[in-house]
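Here are some short exercises to work through with the model open in your viewer. Try each task before reading its solution.

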Amino acid sequence: MSVVVVGGCGHVGLPLALALANSGVKTTSLDIDAAKVLEVVSGHMPFLEPGTEQLLAKVLASGNFTATTDTNSITDADTIIVVIGTPVDEHLNPEPDAVVHAIDDCLPFMRDGQLMILRSTIFPGVTKKIEKHLAKSGKKLDLAFCPERIAEGFALEELSSLPQVIGARTESAFIRSEELFAHLGAEPVRVTPEEAELAKLFTNSWRYIKFAIANQFYVMATNAGVDYENVRHAITHNYPRAKDLPRAGFAAGPCLLKDTMQLAAFSNNAFHLGHSAMLVNEGLPLFLVEQIEKEHDLSTLTVGILGMAFKGDSDDPRSSLSYKLRRILRFRAQEVLCSDPHMFDDPSFVTQEELLEKCDVVVIGAPHSAYKTLTTTKPLFDIWKIAGTA
Ligand SMILES: NC(=O)c1ccc[n+]([C@@H]2O[C@H](COP(=O)([O-])OP(=O)(O)OC[C@H]3O[C@@H](n4cnc5c(N)ncnc54)[C@H](O)[C@@H]3O)[C@@H](O)[C@H]2O)c1
């Protein structure tokens with residue numbers, strides 16, 4: 001069995017490609033980003049993902065894995081997995097045709113008898129549209145939509161432990177997809193492509209709304225002078241029905257808001273809970289700044305943000321609310337300094353030591369484990385209550 005992963009040097013494409021290669025499948029990561037491909041074939045991961053650096057070295061040495069920008073690799077594989085990015089535009093509108101056009105570009109390299117698995121999170125109806133494009137091209141491929149459900153930071157462990165939703169219209173597409181994911185040990189869950197498309201968007205929207213209710217409770221409790229985390233402990237302690245009530249914190253990143261907005265667009269913008277969740281989650285940085293302003297005159301102060309990634313122990317800045325926090329603070333404070341122990345590309349960032357020395361107020365922007373040992377004499381604003389928990 002041989003697989004080409006289109007978008008194979010991305011945050012979900014690369015861990016999947018490495019895991020498949022490690023299971024014995026000949027795997028090629030095809031990506032248009034030549035710099036990333038070069039990094040990967042040189043044995044370096046383009047982003048943080050636990051366990052992948054070692055796995056990359058192992059599968060490169062085994063000869064089971066390579067990365068390329070050469071689209072001819074599509075022709076050589078038995079199975080094509082498409083996992084390119086599917087962002088919403090600057091007005092939060094989905095661009096459902098982006099993935100369709102990318103597949104159209106790959107069509108000349110496809111051949112009869114291949115299995116194509118769509119793995120990007122797609123707008124409902126995209127699988128059907130691609131089926132039509134395939135039929136029009138005259139090429140006879142099996143097609144399935146098998147959404148990726150891993151969370152960044154847990155990719156390798158979750159690729160083999162999470163069940164795999166397989167949206168297949170034909171027996172052949174289902175059996176071939178099931179066989180492929182069996183290499184990872186994933187339990188198959190068979191549905192139609194349309195059910196799978198909604199399953200993925202419902203999953204992410206549900207999670208986004210759960211974070212929003214936690215954040216709204218946090219705002220309510222804080223406004224009432226009550227500690228939300230103490231309330232959450234009281235609610236969740238030995239009480240199974242509420243044990244999944246999340247902590248408060250920035251609900252950000254490349255997927256949750258984007259997929260909630262895809263679902264909103266799909267439901268003719270009548271997804272009121274989804275839009276309300278966006279208002280709460282996206283409003284948290286401003287609420288935090290207002291809390292700081294209750295105690296400090298920001299116009300005379302330097303504020304330091306520790307943690308710019310969208311989540312703890314990640315180096316991924318995509319849709320991170322720390323940047324929104326920075327924008328608000330740049331307008332209201334005298335100066336803003338930023339630092340992140342996992343991000344090295346932004347020359348404007350300073351070290352944690354410099355930040356702690358120069359700033360008057362410290363704000364945690366991402367709950368990196370490194371901050372568990374953080375101690376400072378400066379006023380500290382820490383929604384996650386992570387500092388000093390080591
Ligand atoms: N990041 C996550 O945690 C996560 C989890 C589950 C699902 N998803 C979904 O997976 C998809 C990919 O997300 P991601 O975070 O990996 O994005 P990403 O931007 O990290 O990776 C996408 C990769 O595709 C490449 N690419 C773009 N167009 C291409 C083309 N035409 N041919 C070849 N390569 C191309 C890019 O260069 C990039 O390396 C999205 O639909 C996303 O919603 C992401």
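Two exercises with worked solutions follow.

This is a predicted model, in which local features need pLDDT of at least 70, side-chain atom pairs count only at pLDDT 80 or more, and totals for chains, interfaces and linings use all residues. Residues are numbered from 1 along each chain as its sequence is written, and side-chain values use heavy atoms, with hydrogens and water left out.

**Exercise 1.** Find which residues of helix α3 are buried (under 20% relative accessible area, 1.4 Å probe, protein chains only).

*Solution.*
1. Helices are DSSP runs of H or I with at least four residues, numbered from the N terminus; α3 covers residues 52-62.
2. Its buried residues are Thr 52, Leu 55, Leu 56 and Val 59.
3. Seen down the axis of α3, these fall within an arc of 105 degrees (taken from the directions from the helix axis to the C-beta atoms), so they line one face.
4. The face turned away from the buried side carries Gln 54, Lys 58 and Ala 61, which are exposed (over 50%).
5. After α3 comes Gly 63, with a positive phi near 85 degrees.

**Exercise 2.** Work out which classes of residue line the largest cavity.

*Solution.*
1. The lining includes Arg 119, Glu 148, Ile 150 and Leu 162.
2. Ala, Val, Leu, Ile, Met, Phe, Trp, Tyr, Cys and Pro count as nonpolar, Asp, Glu, Lys and Arg as charged, and the others, Gly among them, as polar.
3. The lining of the largest cavity thus sorts into 6 nonpolar, 1 polar and 4 charged residues.

Methods:
On a 1 Å grid over the protein atoms alone, a cavity is a set of points where a 1.4 Å probe fits but cannot get out, and a pocket is an open set with protein on both sides within 12 Å along at least five of seven lines; lining residues have an atom within 4 Å of a point. Helices (H or I, at least four residues) and strands (E, at least two) are DSSP runs, numbered from the N terminus.
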